[in-house]
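Here's a quick briefing on a single-chain model, put together for someone who likes to poke at structures. Have a look at the sequence and the fold first, then read on.

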Amino acid sequence: THPSASPSRTPSTGPSARSFLLQLPLLRARLLSTAPPKTMLNNTTPLQLSGRMLQLLTAAYLSAYNSGVTPSPPAAWRLVCSDLCRTAVQRALGDYALRVTRVYSHLPTSDQDLHRWHAKQRSAAHSTFKQLAVGGEAEGYLK
């Protein structure tokens, strides 16, 4: 057999792998305590970037590089904003749908009460969307 095939030399079970795995939580803690959160200006408000946002920005830049094109920061940011807006719409609609299923237990009700309830729930869905959405494209999703 090949020397690298022996169990004592496999990367996942070797002493250096165990040592690395034991030190990984310490490295993570050190990174989280010393590296400040990444932020971007969203209009004039600083916005803390999530892991998903960083992943999308990285993917946009890598896609541009791999295509032989110079990366465009505005295009990469639009990709992030579009993704966050879609996620915000899904969350707002999901919350609204959950509230609709709960109102069924209180039916029948008057048309006027139902219209008031719907207006209140629509407003709550818009609030959820506005909390989660980012970028200038957000207003287009509300129409």
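On one side of helix α4, Gln-112, His-115, Lys-120, Lys-130 and Gln-131 are exposed. Turn the helix around and you find its buried residues: Gln-121, Ala-125, Thr-128 and Phe-129. Looking down the axis of α4, those buried residues fit within an arc of 95 degrees, so they line one face of the helix. Keep in mind that this is a predicted model.

**Helix α4 and the overall layout**

- α4 is 22 residues long and spans 32 Å from its first C-alpha to its last, close to the 32 Å expected at 1.5 Å a residue.
- Zooming out, the chain has five helices and two strands.
- Read from the N terminus, the order of elements is α-β-β-α-α-α-α.
- Of the 143 residues in the chain, 22% are buried.

**Helix α2**

- α2 has 16 residues, and its first and last C-alpha atoms sit 22 Å apart, close to the 22 Å expected at 1.5 Å a residue.
- Which residues of α2 are buried? They are Met-53, Leu-56, Leu-57, Ala-60 and Ala-64.
- Viewed down the axis of α2, its buried residues stay within an arc of 100 degrees, so here too they line one face of the helix.
- The face of α2 turned away from that buried side carries Gly-51, Tyr-65 and Asn-66, which are exposed.
- Just past the end of α2, Gly-68 adopts a positive phi of about 80 degrees.

**A closer look at Leu-57**

- Leu-57 is part of helix α2.
- Why does Leu-57 count as buried? Its relative accessibility is 14%, and the cut-off for buried is under 20%.
- Leu-57 and Leu-79 are 22 residues apart in sequence, yet their C-alpha atoms are 7.7 Å apart in space.

**Nonpolar cores**

- As background, nonpolar side chains tend to be buried together in soluble globular proteins.
- The largest nonpolar core here has twelve residues: Leu-47, Leu-49, Met-53, Leu-56, Leu-57, Ala-60, Ala-76, Trp-77, Val-80, Cys-81, Leu-84 and Val-134.
- Two elements give two or more residues to this core, namely α2 (51-66) and α3.
- The largest share of this core comes from α3, with five residues.
- Another core lies apart from it and has eight residues, including Ala-125, Phe-129, Ala-133 and Ala-138.
- Two of those names should ring a bell: Ala-125 and Phe-129 are also among the buried residues of α4.

**The largest pocket**

- If you're after empty space, the largest pocket holds about 250 Å³ of it.
- What lines the largest pocket? Twelve residues do, with Ala-92, Leu-93, Ala-125, His-126 and Leu-142 lying nearest its centre.
- The elements that give two or more residues to that lining are α3 (73-103) and α4 (111-132).
- α4 supplies the largest share of the lining, five residues.
- Sorted by class, the lining has eight nonpolar, two polar and two charged residues.
- Ala-125 turns up again here: it is one of the residues nearest the pocket centre, it is buried in α4, and it belongs to the eight-residue core.

Key:
Residues numbered from 1 in each chain as written. Predicted model: local features only at pLDDT ≥ 70, side-chain atom pairs only at ≥ 80, totals over all residues. Heavy atoms only, no water. 1 Å grid on protein atoms, 1.4 Å probe; cavity = no way out; pocket = protein on both sides within 12 Å on 5 of 7 lines; lining within 4 Å. Points joined across faces, edges and corners; volume = space filled by probe spheres on them. Helix = DSSP H or I, 4+ residues; strand = E, 2+ residues; numbered from the N terminus. Nonpolar A, V, L, I, M, F, W, Y, C, P; charged D, E, K, R; others polar. Core = buried A, V, L, I, M, F, W, Y, C linked by side-chain atoms within 4.5 Å. Buried < 20%, exposed > 50% of the residue type's maximum accessible area, 1.4 Å probe, protein only. Expected span 1.5 Å × (residues − 1). Arc of directions from axis to C-beta.
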